[in-house]
Structures are given as structure tokens and as C-alpha cells.
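Let us walk through this chain together, one part at a time. Keep the sequence and the 3D view side by side as you read.

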Amino acid sequence: MLPPELTRARKREGKLTLSPLSPADRARAIEVSEALLDVTRASLGQDREEVEASWAAVPVTAKERKLLLGLTHLVEARSEFTSPGGVEPEAVRLSVFTHAAQMRAELGPGQYLDRAQVLAKAAEELGISAEQIDQALYADLRSAQRLERCPVQTPSTLVADYELVQVQSVLLRAVRIEAEVKAARPDAYRELFRKLKFRQLLFRIEPLAAGGYRLEIDGPMSLFGATTKYGLELSLSLPALMSCGQLRLKAELRWGKRREKLSFEQTYADAAASEELTGVRTEVAELLESLQTNATWQARLSDKLIDLTAQGGGVLVPDLELTRSGAAGKAEKQPPVLVELLGFWSRDAVFRRIEAAQTGLGKRTPMLFVASSRLRVSEELLDGVEAASLYVYKGKINAQALLRKAEGLVEAK
């Protein structure tokens, strides 16, 4: 991500806007990126201090200095620096400084300490060469790290990343985000919601009258102040939102050191960002694996969405689908039980889900909510509610206890 001072952002009348790269600006940005990457590749094996000096020496005008600093920030974040291996620097310093103190105490009038002799004494003690002593003396300092690799392939890729990171850096400082998405494929929505849950984001979904969905996502600044891990996950979700095709973002921000209240909008008419993250959350995968050993129940990832907008509950996004098997292992005709894990949610968010179940599920498919005891909620909250149940676990989800809850929902139908 980029710090606020390196984004191409402007504040005006309570709004934050990003200055897009014009065709001419983008062409120049690619030229600067090419020079920056050439310098980086030529600096492989050099100390960080030398590499940083080479980056700063890339020729740009004063107006382009912020662009160079932003591109350099991304290159540095993607580069791999390693410290020289071998003897521990602390052990080397102890030996060198001890011998230096002893030799200085033995000096006569007009004599000077010989650095080479000190290094030779330390080398003899540690069983390595004086040259290795010299290299290892401050090898644990950041400036002594050596550039090993820079995976950025092309200048165009770097510029595209730079434009994407501009928006991600803004979202990192959001209190609340509203995203309107419209996809060409219906299954793209389900994939989007699964990715957002993988990122462990707190969000609410409502369908739009003209097609698509509106998502309200809590920002990191709304969760006990600035939450770095959550903010990073939120900003990294931008490619998933863009993968739907059409995206309109609105955000409330706390910007800069003074956390100034600003609003932000960004529209993508035909986004095509790639998104490599296609998995499921660890706890969902672990639960699915444990459930698949049960002979009575069939478990799979859910592909359903439950619209409770009319009841004020938004859209529910189940994680798993459980179907009870009948004779010869065949699924019975009873409706499946949909399972949604709420382990990473906030307590207020869980209560909103419970209220939706109390008022909106009615005769729908049975729904089982799974929440951690850390959220301080009681299973009794959904006692007597038709087609919905709550399982509260401590530590780790117990598959058998969860299936007993599912059994009760099926029997109630």
C-alpha cells in the first residue's frame, strides 16, 4: 500500500479524489517504470543502501517526483532483500570490540589502533577470515541487506499495479464502504461473496432493483480505531469486487495524520482485474473435511443466496449445505440445511443475522448459524424459531454437535 503523501489524491469540499493517469501520463509512467526496473535488475546483489541510492537517481522532473516515489515504494515492497549469512553479527561485534578495547589499552604514546589487526584477532578467535569479519560486523542492519530478487516483470504491470494500489490505499483508511456491483454471470456474485468471507470482512448485501447487488462493508476505522490486519484484507478485496465487471465504490474516510473526515467515490465501468484467491476460509474447509466422513449426512460448499430484503434481513450467504442421506446413502427429499459460520463476525453483526432469522426465514430452507462463544451469544436466542437454529462452540467446531443441531432442524420440518 501507499502512504497518503504518495497517492495522487486531492481534497476539496470534504471529498477526496484520485487524479487518473492521462494517456500521456501513463506513457511517461511506463518510461519511468522501465528505467526503475532496469536499475533494480542492475542492482541485484548490492546492499540496500546502494540500491536505494540508485532508485533515487532515476531521472525525473520535479513534477514527476511523487510518481517515482510511488513506483519505487511498490518495487521495494515486491523486492526480496536478505541479510548476509554466516556468523552472528552480535558475536562478531563482541569479539571485535573486546579485542579493540584490549589493544587500545596496550598502546603507547603516539601509537594508533590498527583496524586490520583488530579484525585479524577477531578472525583468529572465531575461525573465519578477516574479510568475513568485516562483512558480518553490521550485517543485521537494514542498510546492509542485499537485493536478491525483484519479481515485477514489465513496466506496464508495475503501472497497472500502481493505479490499483492508489484505490486500495484509500480503502485502507475507510470507516464504511458501499459497493454496487453488476456482473455478466450470475455465478460471479456467489464467487464474490465467498471471496469477501474468505477475507473475513463484515458486510451486508441487498439486491438492486436494476440488477446487481449493493454491499455495505465495515471499514477498518470503524473497528476499535485503525485495525491494520482488517484494513489490509479490505483493500486486498478490491480485485474481487472489480472481477464482477461493473463497480461503483463510495467510502467514508479518515484521511491523513489528523484523520480528516472525507468522502470518496470510484467507478469502474468495465473492470477486469484478476483475482487469484478462490479458496474458502480455513475453518470452513476444516469443517467440511470433518463432515464428509459422516455416513448419514452429505456436506458440500453452498452455492445458494437467500434474499431476506423484504424482511429487512438483506441477503444471506451460507457457507455449507448439509443433506441427510436415506436408504443406500441416497439423499432424502427433505430440504438441505444451510450452514453459515459467523466466527469472525462482530457481536452486533451476529445479532443482526439472528434478528433476520427471527423475522424472515419462516418456511424457507432450514438455516443453521455457527458462532464462537467469544461473541457472547446464547443458543437460546433462536429457540422456537422455525427453520433456524444457532450452534455456539468453544475453541473448535465439533462436527457431531453441529450435526445434532442440523438433525433437529430436519425433524422440525
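**A walk through two sheets**

A good place to begin is E321, which stands opposite L338 in β14. This is a predicted model, in which local features need pLDDT of at least 70 and side-chain atom pairs count only at pLDDT 80 or more, while totals for chains, interfaces and linings use all residues. Residues are numbered from 1 along each chain as its sequence is written, and side-chain values use heavy atoms, with hydrogens and water left out.

The strands around that starting point are β13 (residues 320-324) and β14 (residues 337-341), which pair in the antiparallel sense over 3 bridges; two strands count as paired if DSSP finds at least two bridges between them. Helix α13 (residues 399-412) packs on the sheet here, touching β10, β13, β14, β15 (367-372) and β16, and its direction makes about 170° with that of β16. Contact means heavy atoms within 4.5 Å. Axes are lines fitted to C-alpha atoms, for helices over the stretch in contact, and angles run from 0 to 180 degrees between N-to-C directions. Another helix, α11 (residues 282-291), lies across β10, β13 and β14, running at about 155° to β10.

Now take in this sheet as a whole: it is open, has 5 strands in the order β10-β13-β14-β15-β16, and its pairing is mixed. At its edges stand β10 (297-301) and β16 (388-393); each has a single partner strand, so one side of each is left without a neighbour in the sheet. From one strand to the next, the twist averages 25°.

The other stop is an open sheet of 7 strands, with mixed pairing and the order β1-β2-β9-β8-β5-β7-β6. Its edges are β1 (9-12) and β6 (203-207), each with a single partner strand, so one side of each lacks a neighbour in the sheet. Neighbouring strands of this sheet are turned by 20° against each other on average, direction ignored.

At one of those edges, β6 and strand β7 (residues 213-218) pair in the antiparallel sense over 5 bridges, and the bridge partner of P207 in β7 is Y213. Helix α8 (residues 187-198) packs on the sheet, touching β5, β6 and β7, with a direction at about 160° to that of β5. Helix α7 (residues 155-171) lies across β2 (15-18), β5 (174-183), β8 (245-255) and β9 (260-268), running at about 45° to β8.

Two loops of this region deserve a look. E13 is found in the loop between β1 and β2, and has a positive phi of about 50° although it is not a glycine. R259, in the loop between β8 and β9, also has a positive phi, near 50°, and is likewise a residue other than glycine. E13 is exposed, with a relative accessible area of 73%, whereas R259 is partly exposed at 43%. Buried means under 20% relative accessible area, exposed over 50%, and partly exposed in between (1.4 Å probe, protein chains only).

Finally, step back to the whole chain. There are 13 helices and 16 strands, where helices (H or I, at least four residues) and strands (E, at least two) are DSSP runs, numbered from the N terminus. Of the 413 residues, 44% count as buried. Among contacts between residues at least 6 apart in sequence, 66% join residues at least 24 apart.
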